Each structure stands twice: as C-alpha cells, then as structure tokens.
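Let's take a walk through a protein and look for the empty spaces inside it. Have the 3D view ready so you can follow along.

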Amino acid sequence: MGVLDRFEKGVERAVNSVFSKAFRSDLKPVEIASAIRRDMDDRTAALSRGRTVVPNTFTVELSEKDFGQVQDWGEEAMAQEMVESATEHARSQNYVFVGPVDVTFAPAADLEAGRFRVHSSSRRGAVAPATTPNAASRHPILDLDGQRYLLTGPVTVIGRGSEADIIVDDAGVSRRHLEIRITSDGVIASDLGSTNGSYVEGHRVDAATLVDGNTLTIGRTRILFWSGTDSDQ
C-alpha cells in the first residue's frame with residue numbers, strides 16, 4: 001500500500017463518513033497531501049554530507065466553503081493525517097526537517113470550491129521528526145518508546161505538560177521533567193526537579209553527560225540517546 005493510499009485510509013479512520021462524502025465532489029484530501037509532497041520536493045535545500053532540508057510548516061488555503069467544511073468535520077484530525085503523510089514522505093526521501101511539522105488551514109475569498117493553495121516555510125524548533133537513521137553530535141536522536149526525534153535546537157525539555165518540547169503521556173513523568181542540552185563539551189541531561197527523578201543506565205542522576213547508546217528512564221518511559229559515531233558538522 002502506497003503512502004497516499006495509507007493517507008486516504010487514515011483520513012477515513014480519523015473523521016466520519018459524512019466528511020469523506022462531502023469531499024468526493026469538490027476537494028479530495030489526498031490531493032492536498034500530494035501538493036504538500038510536491039512542495040517539499042520542489043523546495044529542497046542541500047546541506048553537508050547529503051542532508052537535504054525541506055519545509056516543515058504548511059498553510060493550506062481553501063475556499064470559504066471548503067474551509068467551513070474542514071472546520072465542521074475534523075480540522076485537527078485532517079491536519080494530523082497530513083503531518084504524518086509529509087513525515088513519511090520525508091523519511092522515504094531522506095529529507096530532514098529543522099523543526100516540528102505543522103499543517104494549518106485558512107480561508108481565501110478568491111478560491112472557488114475544490115481549489116486550494118499551499119504555502120510553506122522552514123521554521124526551526126527544538127525537535128523534529130527523525131526521518132533518517134543518522135544522528136550527529138549537533139543533532140542527536142532520541143527514541144522514546146519507538147518514537148524518534150531529531151534534536152534541532154540547543155535545549156529540549158521532555159515532560160508531561162503542554163509546555164514541553166517532547167510531551168510524554170506518562171503519569172510518572174513531571175510536567176517539565178528532563179532537559180537535554182547540547183553544548184560544546186557534550187550533550188548534558190539534567191533533571192528539572194522532577195518528582196520521580198531521572199535515570200541514566202539505571203542510576204538516578206541530577207545531571208549527566210550522555211554518550212552514544214545511553215538509556216535514560218523517566219517514569220515508565222524509556223529513552224534511547226544516539227549521537228552517531230561520525231561528526232558531520
């Protein structure tokens with residue numbers, strides 16, 4: 001099953017059948033997903049050692065009618081499916097994001113029903129989806145129970161609260177539990193005064209310099225740290 005086939009099935013799972021029927025006559029969500037993928041392909045920027053950066057924020061302009069339908073029948077669910085579709089495309093092409101992927105919708109008075117435009121940009125953030133297996137000293141990778149994040153900023157906060165850069169659904173994790181800081185002397189993990197503490201290789205620590213392959217534990221959440229063996233910076 002192709003990426004776009006999975007996208008269509010994801011949309012059907014995420015929203016009700018009325019939403020799917022409404023879009024069959026005018027605007028198909030899969031067409032928007034395809035346009036986002038084309039925009040990524042058209043706006044690549046090559047970095048060192050084969051790293052290719054693509055936009056990570058997308059605004060989809062719709063007719064006022066279609067925008068109203070999106071709002072009524074699942075804007076958040078549709079946006080999330082498009083984020084996942086864009087991330088999977090980046091992974092298949094070894095593209096790199098500089099921040100979290102975000103898709104939003106906006107009305108445009110000059111568009112007719114069934115027509116749309118995509119505007120994109122690159123917006124740096126603390127973390128991005130890890131779309132390649134390659135970690136580096138300035139951009140390590142964290143794996144939280146199978147979910148992989150590329151650290152694209154100097155400081156990343158992990159916690160249960162909405163203000164954290166990586167949000168963990170774990171009752172044993174504090175709202176701001178752990179900080180990962182990239183410095184010239186190494187990557188440092190620091191507990192932020194959490195209730196249950198932070199552990200590196202099974203040892204409770206207030207702060208520790210991480211090495212490639214370290215295992216961190218907060219609450220019931222297991223975190224793997226990968227810095228790579230070769231520096232590409």
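**Hollows and a helix**

The largest cavity holds about 50 Å³ of space. A cavity is a set of points on a 1 Å grid over the protein atoms alone where a 1.4 Å probe fits but cannot get out; points are joined across faces, edges and corners, and the volume is the space filled by probe spheres set on them. Keep in mind that this is a predicted model, where local features need pLDDT of at least 70, side-chain atom pairs count only at pLDDT 80 or more, and totals for chains, interfaces and linings use all residues. Residues are numbered from 1 along each chain as its sequence is written, and side-chain values use heavy atoms, leaving out hydrogens and water.

Who lines that cavity? Among the lining residues (those with an atom within 4 Å of a point) are Arg 51, Tyr 95, Phe 97 and Leu 150.

Now for the largest pocket, with a volume of about 690 Å³. Of its 29 lining residues, the closest to the centre are Gln 80, Val 83, Pro 129, Gln 147 and Tyr 149. A pocket is an open set of points with protein on both sides within 12 Å along at least five of seven lines. Helix α5 (75-93) gives the largest share of the lining, eight residues. Helices here are DSSP runs (H or I, at least four residues), numbered from the N terminus.

Finally, find α3, residues 29-42: its 14 residues should span 20 Å at 1.5 Å a residue (times one less than the number of residues), and its end C-alpha atoms are indeed 20 Å apart. Ten of the 14 are buried, meaning under 20% relative accessible area.

Methods. Helices (H or I, at least four residues) and strands (E, at least two) are DSSP runs, numbered from the N terminus. Buried means under 20% relative accessible area, exposed over 50%, partly exposed in between (1.4 Å probe, protein chains only).
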